[in-house]
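User: I am in my first year and would like a close look at one part of this model, namely the side of the first chain that meets the third. Please explain it slowly, and set it against the rest of the structure.

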Amino acid sequence: MIDLYLCHGHVYVWNASAACDLRERHRIVGTFVGALPRLPRQNVRLGRPLQLMPEETTLLLNKGMARLLDGNIPPKTGEDAAQAITEHRQQSFREQAEICKSDRKRKLHEMASVIAKGRAAKRKKLAQKEKADDESSSSVSTSDVISSLLDQHGEEEEPRLSVEEMEELEAKLEKTTGYNEQAFLVQIMTEQDSEETQETIPWNYPTTDTEALRCRVFQDLWEKGYFLTSGGKFGGDFLVYPGDPFRYHSFYIAVCRPRTENMEALDIVRLGRLGSNVKKTVLLCSESEDGEINYTSLQWTGMN
Amino acid sequence: MAENKEEKKEDPKDQEFKLEKDTELRFEVETGGTITLELSEGMAEVFGTELVKNKKFTFGSGAKVAVFTWHGCKVVLHGRTEFAYVSKDTPMVMYVNTHAALEQMRQQAQDQGKRGPRVMIVGPTDVGKSTLCRLLLNYAVRLGRRPTFVDLDVGQGSIAIPGTIGGILVERPADVEEGFSLQAPLIYHFGHASPGANMELYERIIAKCADVFNQRCELNRQASVSGCIINTCGWVKGEGYRSILHAAREFEVDVIIVLDQERLYNDLKRDLPGFVKVVLQPKSGGVVERPQPVRRSAREDRVREYFYGVRQPLYPHSFDVKFADVSLYQVGAPALPDSCLPLDTQQENPYTKLVHIQPGAQIVHHVLSLSMADSLKDNLIDTNIAGFICVTNVDMERQVMTVLSPAPRPLPKRYMLLTDIRFMDFR
Amino acid sequence: MMDSYDIAEEEDYSPRMKAAHLSAQELLAHRNLDRTVPPRGGTKDYAPDGSLEQEEKLQGMYSLYRRMLAEERVNKIGNLSKAIWLEDQGLAEVTVDKGKFWHHIGHSNEGKKYLYPEEAVFLMETNAIEVYWNKLPLAIQQAYAMMLGNRVSMEQYQVYAHLSRLGYILIRHQSREHFSWYERQIQLDEYIPLKQRIKEGSSAQVRDWFPSNQHEEQTTSTSGEPDKTEEVHRDNPARQKSKEVKSASDSPVEHSTSNQTSRDSLPKGQTSRMEGRIEQSVEDEQMEIECNRKDKTEKQEEKGVDSLVTSSYECKWDFTNISIPNVGQDCDVSEIPIPCAELLPTGVQVNNVLKINTGAFSLNTKRGRKGKSNSEHLSKIVPNLRAEDDPRKVSRNWMEFKKLCGAKREMDMSDSPVAHLWQGEVTPLVRPSDATDMGAILSRLQVIQNISLEKECCSLPKPDRSLDIAYDVFLPDSHFKKSKPGRPNLRVCVQRFSEPAPDLALIVQLNQRSSPVPLLWAVVDNGDISFYSFTEADLPTDYHM
């Protein structure tokens, strides 16, 4: 069961997995309207919440695939709740500190040989410098040359840190990893904690004949296996896709018209033009007396 | 050759000239040099301004000066001259008689409570129009008059910079070195160095200028009685001629002095109403024709003087102006080609249309006029100009331009008009 | 085509899904999140064909999405700002300010920092702030429920977030009542009738030229001058002489006007009118020719008024006494006299009479090689006329001349063979004189005028609902200052897709309020946002008509 939240007249899905399920399993696309956490300042891909069209909501509720909850219930408050949050955070901080520390330790061990090499190089440099100082004061003796040759030979071996050295470094690490609260990570929750006991609320849609027709058309096309999105940008009621809109272009622009309504010739011309301009077929959708949805396609035919 | 010449002039000696009565010393300052002039004896004047005895006057590169004496005098020149000679043939007596006649008219105007003489000086280029203007203005102001000098010569722009016309109330004789003091001038934007670039606009700002002068005459009796001297540009054929007639009509001139061209004189006599006195007068023998490049460089100098001063150096400011803080306009939309119009029709006046332009690389080195307008409610074309700035750099990325301005930031107003006049600031 | 829905499948995942509280391990893992997003678009297939390849692609997409959507917002405490939601005020008060957002988001009041609900929720969504309510950190789901909806509609928030995510800076629309600088710039004050503007314009357009003390100057010059000239009078007999010569030739009436005092009092008007009449009688003969065609008395009256006006400004110069040197060939002048010394400034002293023998001056007497005379250009200003009609000959001053030139043009009309067309009550719209260009004629013929929406707004009925501009939008700019935002680059209205479209009156009203900043309408269709704008279009005029 998917939870839909009605909030200020709009229906939202806040749970990520629910939003994906809607699409993957129920072919309900909706529109993401929130900023995407990984890259919030762009409009190419948006994130939660997923906003649903009223027709989508109606369908989901009719099919019993979702339930509608009141999205406007304020969170539980009080000292307890605040206390719980604080404790949860403190616990998290401790764990974070622990993880960090062990991370660093692991890294230290990984780096041990590098550190040892660095130290050896340093030592050698110092020695050479001292030697150079000596040479400037006294003449070079053969023994010096020999000892320096021996030194070079000794360096061929891989330098290693002694156990004492290692312990010393670990102690240093312990000291520098302070308990700095500012560095800890916190989460800005997207979804609120849901209440198991929350009652569902009624969905008062559709209320007008036009809305009812749209809902019927939406459901009928959906049942036929199509994906549907809002058609506002193309001047119709819905855009109808043969598969997931991620991968396919829409075939049709669905325009809902009551069966009894007279259409002006001008309307037909407009819709025909529209369809041919965007290379889609305009579907005129109406409901027959026995509740069937009739589709009439409109195509501009050039005849010479 | 050139080297020889220089060597010869290596040590310029003081040249002393003794002038007899009614004679004139004419000299030109060598390019790149300066000349100091000093009156050591007697009385003399330069274009109507009396020289003070034993005071040194300095003239810069290329200046052409004529020292005239009514009484005889001695002057000393220090520095290199292109030429220096004394001439006896001057039309000064004629000019001074002209002044006397104008003065008579001023007296009559004063006595009758009417408007003083409005004089326009016309003629081809390089006949000494502006010199004659200066002379007549100086004589008038030396008699306590307050004549108005109107300069319609957009090529020289002696009141502001080339590309403008303007008027100024003359209250004291012109400075020997710097010319008339340019306090509170009335300037209108034209934007080009030749009136032919936009005759419609030229005539419109002339009309506006005349209108303002008339208003001033109503308010200021002395200015009204003293009349005005109008300098014109040297374009006397075709449309240029038409603009002379137009200016005469707008300023309601009483006297037109034609310098040196009989044909223009005859045309004007025929075409102007009978009550306008048209006279023909000779040019001074000292006037030299300037070839086009010289005229152009004189224009540049004029702009340089605006920013850097003539004798006393001015220190202009350079600062950045955000595009957002200014509104730049150009007068005149590009005209449609005739082929786009049906036969025998004219376009609806694109010439005086204001076109908003976006600052860009194309305005670098251009001089911009700062309009006095506070908003577009004041038509920018008919609003006088507060001053000028020169664009020295445009940074499209930062959306700013760097400007050279005579005053420190900020700019007083936001509306600006683009001119064709360019100035490269090489200092 | 597709598998029909199978209810049995449902049971597989009926257990309730819990909100994802991340463990410490998971929190730390979020530090190394993949920060890329799959690009939109890409090649799509035409239709599902049941192939494994298609299925794999789709499943790949699904698993990517499952991963991406399940990710949570995780941040270091040190990087997170904190705020407390104040339910009663509908604001979030910032208690810990860590982010850089304060440059362009939020406002202060009495030393406290506040966020509007949309700002707070957006910052939560962008992982920048924790908002607490009753000491509980809010989940975004709770924030949607508590902070949005009542004060800020969901649609408004979605538009805010959509543009903010793109980097625009949005502030709630600031409406101002008074005319600010930029409102003047956008010509809201253009509604002053044209006439009034012209009246103000003539003086307003000339600034700083008239010295501020012009009135003082005027009074000193009028009171000071007469004394001075009288002094000169007494001192200088030569000048007296010249004056006498002048007055002898002038009419006695004019002579009386030389009295200075008359200028300020009644006699001035009288004398000038008389002057006009006398002049008129002198030139009566010419006048009669002039007025032949028109009603004589009317014309005379008109002229009388003319000269009354003009004579008070313009002198009638007598150039027989005022001699300006002229060396034109038509003038038989042989010498230039010595002018009166009193007309010259001190220091100027003419010693000799100047003899004019033609060789003395280098006069340019060349005639143009081409026969084309300048008079051809003149015909545009003054039509060629018979001598007695020529305003150049008849008029005595500029005022008359201009008037006559104008009158000439009108008379030309009455001369025309179609003059009778203008005699009745109904007259043609276009006069021959209008035929300067096609545009002028077309504008005369245009009986139905286009209305400008901006200007004719008042004539439209009141908008049937009130809707305000929601946000002022600024381009991303590091120099943006909240305290001095300047002029926005855009403004946005929010409109629900299901709502009726705004009516013309509302569009005009809001466009006007926003002008010159473009106003966009954000239309929100179930989370999808499209932007539209309404602009008044000027139809081009076709000269080829």
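Analyst: Chain A has 7 helices and 11 strands, and since this is a predicted model, everything that follows describes computed coordinates. Of the 304 residues in chain A, 31% are buried. When the contacts in chain A with a separation of 6 or more are considered, 57% of them come from residues 24 or more positions apart.

We can now turn to the side you asked about. The contact between the two chains takes 71 residues from chain A and 79 residues from chain C. On the side of chain A that touches chain C, at least two residues each are supplied by α1 (16-26), β3 (31-34), β4 (47-52), α3 (79-137) and β6 (185-188) of chain A. Among these elements, α1(A) gives the most, with 8 residues. Sorted by class, the side of chain A that touches chain C has 32 nonpolar, 25 polar and 14 charged residues.

One of the elements just named, β6(A), also pairs with a strand of the other chain. Its partner is β1(C), residues 73-76 of chain C, and the two run in the antiparallel sense over 4 bridges. To find this pairing in the view, you can look for A:Ile188, which stands opposite C:Arg73 in β1(C). As background, strands of a sheet pair through backbone hydrogen bonds, either parallel or antiparallel.

Another element of that side, β4(A), leads us back into chain A itself, where β2(A) and β4(A) run antiparallel and are joined by 3 bridges. In this pairing A:Val11 stands opposite A:Leu52 of β4(A). Strand β2(A), which covers residues 10-13, sends A:His10 and A:Tyr12 one way and A:Val11 and A:Val13 the other way, and all of these residues are buried. Strand β2(A) is also joined to β1(A), residues 2-7, by 3 bridges, and these two strands run antiparallel. Here A:Cys7 has A:His10 of β2(A) as its bridge partner. Together β1(A) and β2(A) form a hairpin with 2 residues between them, and in the turn A:His8 has a positive phi of about 50°.

On the other side of the contact lies chain C, whose secondary structure comes to 18 helices and 14 strands. Chain C has 545 residues, of which 23% count as buried. Among its contacts with a separation of 6 or more, residues 24 or more positions apart account for 55%.

To set this against the rest of the structure, consider chain B, which has 8 helices and 23 strands. Buried residues make up 52% of its 427 residues. Of the contacts in chain B between residues at least 6 apart in sequence, 72% join residues at least 24 apart.

Chain B offers a sheet to examine, an open one in which 7 strands follow the order β17-β22-β21-β20-β23-β18-β19, with mixed pairing. At its edges stand β17 (317-322) and β19 (354-357) of chain B, each with a single partner strand, so one side of each is left without a neighbour in the sheet. With direction ignored, neighbouring strands of this sheet are turned by 40° against each other on average. A parallel pair within the sheet is formed by β18(B), residues 327-331, and β23(B), residues 415-422, which 3 bridges join. In that pair B:Ser327 has B:Tyr415 of β23(B) as its bridge partner.

Two strands of the sheet also frame a loop, for B:Thr383 lies in the loop between β20 (366-371) and β21 (385-395) of chain B. B:Thr383 counts as buried because it has 23 C-beta neighbours inside 10 Å, where 20 or more are needed. The C-alpha atom of B:Thr383 is separated by 8.9 Å from that of B:Lys208, although the two residues are 175 residues apart along the chain.

Finally, chain B contains a pair of helices, α4(B) with residues 199-219 and α6(B) with residues 238-251, whose axes come within 9 Å and cross at roughly 20°. The two helices are therefore roughly parallel to each other, since angles under 35 degrees count as such. Their crossing is right-handed. Residues that make the contact include B:Met199 and B:Tyr202 of α4(B) and B:Ala247 and B:Phe251 of α6(B). By class, this contact of α4(B) with α6(B) has 7 nonpolar, 2 polar and 3 charged residues.

Terms used:
Residues numbered from 1 in each chain as written. Chains lettered and ligands numbered in written order. Predicted model: local features only at pLDDT ≥ 70, side-chain atom pairs only at ≥ 80, totals over all residues. Contact = placed C-beta atoms within 7 Å. Nonpolar A, V, L, I, M, F, W, Y, C, P; charged D, E, K, R; others polar. Pairing = 2+ DSSP bridges. Buried ≥ 20, exposed ≤ 12 C-beta atoms within 10 Å, placed from the backbone. Axes fitted to C-alpha atoms, helices over the stretch in contact; angles between N-to-C directions. Parallel < 35°, antiparallel > 145°, perpendicular 65-115°, else oblique. Left-handed = near helix turned anticlockwise from the far one by under 90°.
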